[in-house]
Each structure stands twice: as C-alpha cells, then as structure tokens.
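Please open the structure in your viewer and keep the selection panel at hand, since each stop of this tour begins with something to select. The stops are arranged so that each selection can be left on display while the next is added.

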Amino acid sequence: MRSTLLACAFVLTAWLFPANPVAHAQGTGTSGEIRGTVTDPTGGTAPKATAEVEDTEKGTRRTAVTGSDGEYQVTGLPPSTYSVTVRLAGFQTETHRNVVLNVGQTLILDFRLRVATGTAQIEVTSEAPTVETARGSQADTLVQQYIADLPIGRRDYLTFTLLAPGVSNSNTIADNADFRVKQTPQSGLSFYGSNGRGNSVTVDGGEANDDAGGVRLNLSQDAVQEFQINRSNYGAELGGASGATINIVSKSGTNDLHGSLFGFFRNDSMDARNPFAFTQALVPGQAFSLTAQGKPIKDSLDRQQFGGNVGFPLRKDKTFLYLAYEGLRSDAQDSVPLLTNSNIFAPTLTQQTIIGNLAAQPATNMVPCITTNPKNPLSNPIILPAPTCAFALQSILTINPNLGPNPFVPPPPISPKRVLDPYIVNQFAANGGLFPFPIRSSDFSARLDHRFSDSNQGFLRYSFAHLTEKDPDLQALTAFSRGTSELAWDSTLQGSWFHQFNASTANEARVQWNIYQFNVDTNDLGGPGLDVEGFGFFGRGIFLPSRTTGRRYEFADNLTLVRGHHSFKMGFTELIRQKHVMVVHGSGFGQRPGTQHFRIVFLPDEKTLTKAYSAIGDFLRERYG
C-alpha cells in the first residue's frame with residue numbers, strides 16, 4: 001500500500017504583488033486553467049466582471065468573477081477548444097473564440113473592455129501564445145495533430161516522448177552493468193540519463209505504472225487526445241516520481257458525430273531479404289562436418305493492423321460517448337544466425353598454423369606439448385613427438401561430437417569433453433535459423449461523459465488491452481532456447497467527478513480499479529542457461545517462467561481555492577496495490593527461482609595452447625612416460 005498525502009501544496013499566484021501578472025500557478029493533472037486580467041479603456045482594473053468559459057464542443061460552461069484587482073481564474077478545465085466571454089455593466093461584451101487549452105496549461109487571456117455605446121459585442125479569434133509565461137517547469141505537450149499525423153512503429157504513442165529535449169531510449173543505453181530481466185520491464189524513456197524506471201505515467205489522472213517502473217497496457221493511439229511530458233521542476237501536486245511525469249488525456253465524445261477507420265497491411269512480397277537470415281550449417285541428425293555452411297534465405301512477413309473509433313452525443317450538451325478499438329495481427333520470422341559456418345568448432349587460423357607446423361616436423365623431434373600446471377606451463381611440460389603433439393592439440397581444440405578412440409581425450413570423469421562436445425554442437429544446431437514471431441494485440445476503450453449541471457460534471461472510462469508475443473527477443477546471438485513468450489492483459493475502470501462550489505472553489509474526486517496479468521514463459525523449461533561469449537546465449541533465462549497478477553485500487557481528491565492573489569491546492573491520493581508473483585523452477589512452484597547459468601569462454605591462441613586439464617596430463621604421462 002502506498003499512501004501519499006499532498007496537503008497544503010500552496011502555489012501563490014501573484015506572490016503578493018498585483019502588478020506582476022505572470023507569476024501564476026500551473027494547471028495540474030489532466031486539466032488546465034484559464035486566467036487573466038480585465039481592464040477598462042484607461043488601463044484600470046475592472047472588478048466584478050463576469051468571465052464565462054464555454055466548451056464549444058460540449059456546451060459546458062464555467063464562470064468566474066473578477067476581484068478588486070480585475071483578475072479572474074477558471075481551474076479544472078479539461079483540454080479542449082473554448083470561447084471566453086467577459087461581461088460588465090456599462091461596457092461592451094467581449095468574446096475570445098477558438099481558445100485552445102492543453103493539458104497542464106495555464107493560459108493567460110487578458111481583456112481590455114470598451115465603453116458601451118449601444119448593443120454591440122466584440123469577438124476576437126485567439127491564437128496560441130508563443131511563450132507560455134505562466135509555467136516555470138520543463139514540459140512539453142504532444143497535441144492531437146502530432147499523435148494523429150506523425151508516423152510511429154506499433155502505434156505506440158508514448159514513443160513520441162523521444163522527440164522532447166533530454167529524452168532518450170533507455171532500452172538502448174543498457175550495458176552489462178545494468179542487469180535487466182524480461183519480467184520487470186521499464187518505461188523505455190530515459191530523462192536526462194535516468195534508467196527509465198522512475199517515471200510516473202497517468203491516464204486521466206489514474207496511475208498506469210507497474211511495480212517495476214514500466215507502463216501497463218492502457219489506451220490505443222486513437223483514444224488519446226493529448227499528453228503532457230513534465231521533465232523537471234514540476235509542482236508538488238505531480239509528485240510521486242524520481243524521474244518525469246507523463247499525463248495522458250483520453251478522448252471524449254462531443255455534440256458532433258465523428259469517427260474514423262484505419263487499416264495498415266504489409267507482407268514480404270516487396271521486401272528484400274534480411275541480410276542476417278541464413279539456414280543452419282548443421283541441423284540435428286546431420287553428419288558432423290567442419291566445412292558445412294548455411295545458405296541465404298528470405299524471411300516471411302504478414303502484418304495487419306486495423307481499428308476504428310467513434311464519438312457522438314447521447315444527449316446534446318449533456319451526455320457523450322466515445323468508443324475506440326485497435327488490433328494487430330502479425331506473423332513474422334526471427335533470424336538467429338548462430339551457425340552459418342561449422343568452422344567455428346575448429347581451431348582458429350593461428351592455432352591451425354601452429355598445429356600444421358608441428359605436423360610437418362619429423363617424429364624424432366620431441367617438443368614440450370601439454371602441461372599439468374596451467375599457471376606455469378613451462379614448469380613441468382609433457383614432452384611428445386611433434387606430429388603426436390599436433391594430433392593432441394587438434395583433438396583437444398576441436399569441438400567434435402563424434403570422437404573415436406583417442407588417447408588425448410579420455411572418457412569421463414577424467415575429461416568431460418566427450419560429453420560436452422555433443423551438447424555444444426547440438427545447442428548450436430537446434431537453436432539457430434528462422435523462427436516464427438507471432439503477435440496478437442487488441443485494445444478497446446469506452447468513455448461516457450455526463451454534465452449534470454454547469455457546476456457538476458463526471459465521466460466513466462473502461463479500457464481493456466490484451467497482448468501475446470512469441471519469441472520477441474530472438475535475434476543475433478540469442479538462441480531459440482533462450483527465447484520467451486509473453487501474455488499481458490489489463491482491465492481498468494475509472495470514474496471522476498468535478499464539482500464547482502462557487503467561482504473560487506472547485507473539487508475533483510477520482511476513483512480507479514485495475515486488474516492486470518503479465519506472464520513470461522521460456523522455451524526451455526529445463527535449463528540451464530548457457531552463455532558462450534561471442535557465439536551464442538542458450539537455455540532458460542534467469543527467474544523464468546514468471547506469472548504475475550496484480551490489482552490496484554486508487555482514491556484521490558483535489559481541492560482548489562482561489563483567494564485574491566493566491567491559489568491554494570490541496571488533496572490526497574490513496575493507492576492500494578496487491579500483487580501475486582509465481583516463479584516456476586525445475587518441476588515445482590515457488591517464490592524463489594532455482595536456475596543455473598554456465599559460462600564457456602573460447603580462449604584464443606597462446607592461452608588455449610598452454611591451458612589443458614591436469615587430469616589429461618596425468619593420463620598422458622602414464623601412457624608415454
């Protein structure tokens with residue numbers, strides 16, 4: 001359970017100096033605010049003027065009254081397009097239309113009224129300010145135009161965050177010192193060099209993170225209206241993260257019927273061959289050879305991504321519904337070029353040169369060949385005829401699953417080579433080539449908005465997402481036995497209620513329920529893990545298989561008070577987390593994994609020639625004296 005109390009987070013809007021109109025608070029969460037100063041023709045303040053803010057798409061209206069300093073402020077406004085009208089007896093009514101308010105934005109909109117000379121109304125078409133003077137944090141907003149028009153792989157809209165300054169892909173900056181496992185993903189977004197796990201991601205104000213710092217499945221791209229990226233210096237009301245905060249706002253219906261359909265279809269008909277796609281040089285059951293080579297092969301692809309959305313009014317100016325669905329059906333192939341040439345099992349070129357020189361010498365030429373002391377190989381070497389030494393080195397340095405009788409490779413337990421060589425060759429032969437890479441994904445969401453009155457609005461949103469992937473990590477040196485399959489689904493229900501007590505007091509209450517599952521299974525249940533540095537990574541990954549089921553219950557309330565020059569913001573959030581993790585190891589189940597990893601290093605050149613098993617040396621000493 002995590003309980004965070006944000007109490008008395010006071011943001012002073014003018015710092016007690018009425019002449020400074022830009023020292024205002026920033027809008028929070030998934031809403032924004034519009035504020036400004038109303039003056040008369042002489043530049044004097046205009047108290048008791050009524051400012052009315054109307055959502056032109058839904059008909060929702062909010063009002064505020066200017067104080068003695070002529071300032072008005074309307075908080076808790078969802079991102080939309082507004083018209084702002086100011087009325088004051090004795091002056092002409094003035095309206096600013098097409099006022100676009102984004103998430104987290106504090107929009108400054110000032111009015112200079114004219115003396116009324118008749119029944120006249122002034123209308124002004126507003127333009128977005130070049131600089132947002134009311135914000136001191138480092139933040140960027142990805143609006144609907146960018147989300148809809150910019151191309152993006154997998155339609156993962158959060159990837160647009162990489163366009164912001166100071167943001168990089170944390171999946172590509174990992175190194176050997178940053179150990180990561182599949183079942184604890186991170187957000188993939190590094191802010192100013194962070195590891196991607198300290199970011200807070202919310203959807204309509206509700207938490208969307210998992211326990212490892214990643215992002216749970218949430219909305220499809222068409223269901224997102226916009227999102228704000230707060231990189232640093234953001235307010236306390238956005239706290240709870242050591243990195244950045246990302247506030248996502250979902251789309252809602254309007255008074256107009258609007259919708260869209262899309263489909264993207266692709267196959268391999270026009271694609272070039274993957275330059276890393278080869279058949280295996282050796283396959284299980286094939287006769288072993290040190291000269292076998294793989295052949296180029298074309299990998300297949302069949303990808304279909306489709307979806308649609310629709311928004312419409314159930315009751316004009318009152319009730320609205322928005323529905324969205326997106327699906328992905330992809331069948332591709334992963335290329336794992338582990339064994340394109342079987343000569344990797346032979347001695348290196350340098351080693352073969354040495355072995356060839358020894359084989360060419362007469363048998364009467366005795367040479368120091370094998371040592372029983374790897375730390376000091378020259379202290380007690382075994383003296384052998386040069387051709388015999390060449391045969392010994394060839395036998396020891398070649399990985400050969402079909403060794404016949406050989407005095408230099410004794411049977412186990414003296415030497416494990418006769419057991420280890422067939423295992424290594426089989427691992428390479430069975431775990432490379434082309435493998436299926438299927439993806440099945442579905443995302444559905446529905447949002448119902450209702451306006452009870454101008455002072456009371458609420459919405460309910462439900463979203464469900466489901467994803468299955470088979471072998472998403474197979475590539476390069478990652479063998480099929482190291483591959484995994486993923487199953488993830490997420491179900492979220494959220495409700496929110498906004499109430500305006502009066503022109504200077506507003507409250508937002510929110511509740512969210514969530515249940516999710518994330519399973520990671522391995523292709524090799526038996527294990528163990530086998531890492532052959534520079535050649536391949538085989539066997540079961542660490543802590544796999546893993547099955548995670550989680551539930552979350554979130555309650556939040558935020559109160560905003562405007563008193564003269566000052567804004568007071570206070571509230572609380574209660575997040576209850578429940579999670580069950582089951583790790584399977586061996587033939588049983590438990591919370592602690594039981595997996596083993598072995599590492600084999602192919603030592604080059606001189607080190608390989610001087611290092612041998614002392615048991616083999618003793619065996620040869622008995623045979624040759």
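What follows is a walk through sheets, a core, ring contacts, a disulfide and a pair of long-range neighbours.

Please keep in mind throughout that this is a predicted model.

**An open sheet**

Begin by selecting β11, β16, β17, β14 and β15, which in that order make up an open sheet of five strands with mixed pairing. At its edges are β11 (138-142) and β15 (206-207), each of which pairs on one side only. Within the sheet, look next at β14 (residues 200-203) and β17 (residues 245-250), two strands that run parallel and are joined by four bridges. If you show side chains here, you will find Val-201 opposite Ile-246 of β17. As background, the strands of a sheet pair through backbone hydrogen bonds, and this pairing can be parallel or antiparallel.

**The largest nonpolar core**

Keep the sheet on display and add Tyr-157, Phe-191, Val-224, Phe-227, Ile-229, Ile-246 and Ile-248, which touch the most other members among the 22 residues of the largest nonpolar core. At least two residues of this core come from each of β13 (189-191), β14, β16, β17 and β20 (319-336), and the most is given by β16, with three residues. In soluble globular proteins, nonpolar side chains tend to be buried together.

Now reduce the selection to Tyr-157 and Phe-227, which form a tilted aromatic pair with 5.9 Å centre to centre and 55° between the planes. Which parts of the chain does this pair link? Tyr-157 belongs to the loop between α1 (144-149) and β12 (167-169), whereas Phe-227 is in strand β16 (residues 224-232), so that the pair links distant parts of the chain, 70 residues apart. Tyr-157 is buried, because its relative accessible area of 3% is under the 20% limit, and Phe-227, at 0% relative accessibility, is likewise counted as buried.

**Further rings and charges over them**

A search of the whole structure finds 10 aromatic pairs, and a second one to display is that of Phe-262 and Phe-264, tilted as well, with 5.5 Å centre to centre and 40° between the planes. Are these two rings buried or exposed? Phe-262 is buried, at a relative accessible area of 16%, while Phe-264 is partly exposed, at 46%. Add Arg-155 to the view, and you will see its charged end over the ring of Phe-262, 3.9 Å from the ring centre.

A similar arrangement can be displayed by selecting Arg-273, which lies over the face of Phe-278 at 5.3 Å from the ring centre. After that, select Phe-288, Phe-345, Phe-428 and Phe-538, which ring pairs link into a cluster.

**The disulfide and helix α3**

Turn next to Cys-369 and Cys-389, which form a disulfide with their sulfur atoms 2.2 Å apart; the structure holds one disulfide. Cys-369 lies in strand β21 (residues 366-371) and Cys-389 in helix α3 (residues 386-397), so the bond ties together parts that are 20 residues apart in sequence. The torsion about the S-S bond is about 90°, and the disulfide is therefore right-handed. Cys-369 counts as buried at 10% relative accessibility, and Cys-389 is buried at 2%.

Extend the selection to the whole of α3, where the buried residues include Ala-386, Cys-389, Ala-390, Leu-393 and Leu-397. For the 12 residues of this helix the expected span is 16 Å, and the end C-alpha atoms are indeed 16 Å apart, so the two values agree.

**Antiparallel strands β23, β24 and β25**

Select β23 (residues 433-453) and β24 (residues 456-470), which pair in the antiparallel sense over 14 bridges and form a hairpin with two residues between them. One position to label is Ala-446, whose bridge partner in β24 is Tyr-462. Then add β25 (residues 484-502), which pairs with β24, again in the antiparallel sense, over 15 bridges; here Phe-464 has Ser-491 of β25 as its bridge partner.

**A last stop**

Finish at Gly-285, in the loop between β18 (258-267) and β19 (301-315), which is exposed with a relative accessible area of 85%. With Asn-426 selected as well, the C-alpha to C-alpha distance between the two residues is 9.1 Å, although they are 141 residues apart in sequence.

Notes:
Residues are numbered from 1 along each chain as its sequence is written. This is a predicted model: local features need pLDDT of at least 70, side-chain atom pairs count only at pLDDT 80 or more; totals for chains, interfaces and linings use all residues. Side-chain values use heavy atoms; hydrogens and water are left out. Rings of Phe, Tyr and Trp (its six-membered ring) pair if their centres lie within 6.5 Å; planes under 30 degrees apart count as stacked, over 60 as edge-to-face and the rest as tilted. Buried means under 20% relative accessible area, exposed over 50%, partly exposed in between (1.4 Å probe, protein chains only). A charge sits over a ring if NZ of Lys or CZ of Arg is within 6 Å of the ring centre and within 35 degrees of the ring normal. Two strands pair if DSSP finds at least two bridges between them. A disulfide is a pair of cysteine sulfur atoms within 2.5 Å. The expected span of a helix is 1.5 Å times one less than its number of residues. A nonpolar core is a set of buried Ala, Val, Leu, Ile, Met, Phe, Trp, Tyr and Cys residues joined through side-chain atoms within 4.5 Å.
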